[in-house]
Amino acid sequence: RLGRAALWSNPCGWIESLRLPESPPSATRLLLAGTTPPDERLHEAAEASGASIVAEAHALALDRLGPELDGASVDEREGPTRMLAKHLRAVSIAPRAFFDRGTWIVARARAARAAGVVVWLAREDEALAWTAPSFERALAAAGLPVLMLTARRWQADDDTPERIAEFIRRCSSATA
């Protein structure tokens, strides 16, 4: 949520006054993947059912630029601009990037210690629809529960909250 707020505002004006709530230790940890969420709707749906989306995996997620670069390791022959361009190309998760998306989503879920993964794909995000089968297969092979919500309404005013609630109940009973 903070990452999304920082995308569209200058955090310098509000970051110092921020007080993060303590998340209940019993909350089911979820990874939200797929289309960039429009706002808090999906988080609120998860929280209403006793879960917490602890990480996101999409084009505007916090780790979209990859790990921090060490300025001391700039190759004199390439310079900082070329080094930065090569880095951004290497860590890109854009729909046209070439990498093993199944392995990537499993790694993201494990890094977040997620009990389950919600893959939410808005109808308008048709390029990402091609990733759905690889996500589903890889997560199933890794033993991670997954809720595939494909071709969804961007407003999430369909049955998305109810489907998320049911998924959380299944994840909670599986991990209890």
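Author: A residue is called buried under 20% relative accessible area, exposed over 50%, and partly exposed in between (1.4 Å probe, protein chains only). The model is predicted, so local features need pLDDT of at least 70 and side-chain atom pairs count only at pLDDT 80 or more, while totals for chains, interfaces and linings use all residues. Residues are numbered from 1 along each chain as its sequence is written, and side-chain values use heavy atoms, with hydrogens and water left out.

Reader: How is Arg41 classified on that scale?

Author: Arg41 counts as partly exposed, because its relative accessibility is 32%.

Reader: What defines a salt bridge, and how many are found in the whole structure?

Author: The criterion is a side-chain nitrogen of Lys or Arg within 4 Å of a carboxyl oxygen of Asp or Glu. A search of the whole structure yields 7 salt bridges. One of them links Arg41 to Asp39, at 2.6 Å from N to O. Asp39 is partly exposed, at 24% relative accessibility.

Reader: Where do Glu166 and Arg169 lie relative to each other?

Author: Helices are DSSP runs (H or I, at least four residues), numbered from the N terminus. Glu166 and Arg169 are 3 residues apart in helix α6 (residues 160-175), and are therefore separated by about one helical turn. Their side chains meet in a salt bridge of 3.2 Å, N to O. Glu166 is partly exposed, with a relative accessible area of 35%.

Reader: Which residues are joined into one network by salt bridges that share partners?

Author: Glu78, Arg82 and Lys86 form that network. Within the pair Lys86 and Glu78, the closest N and O atoms are 2.6 Å apart. Lys86 is partly exposed at 45% relative accessibility, and Glu78 is partly exposed at 27%.

Terms used: Helix = DSSP H or I, 4+ residues; strand = E, 2+ residues; numbered from the N terminus.
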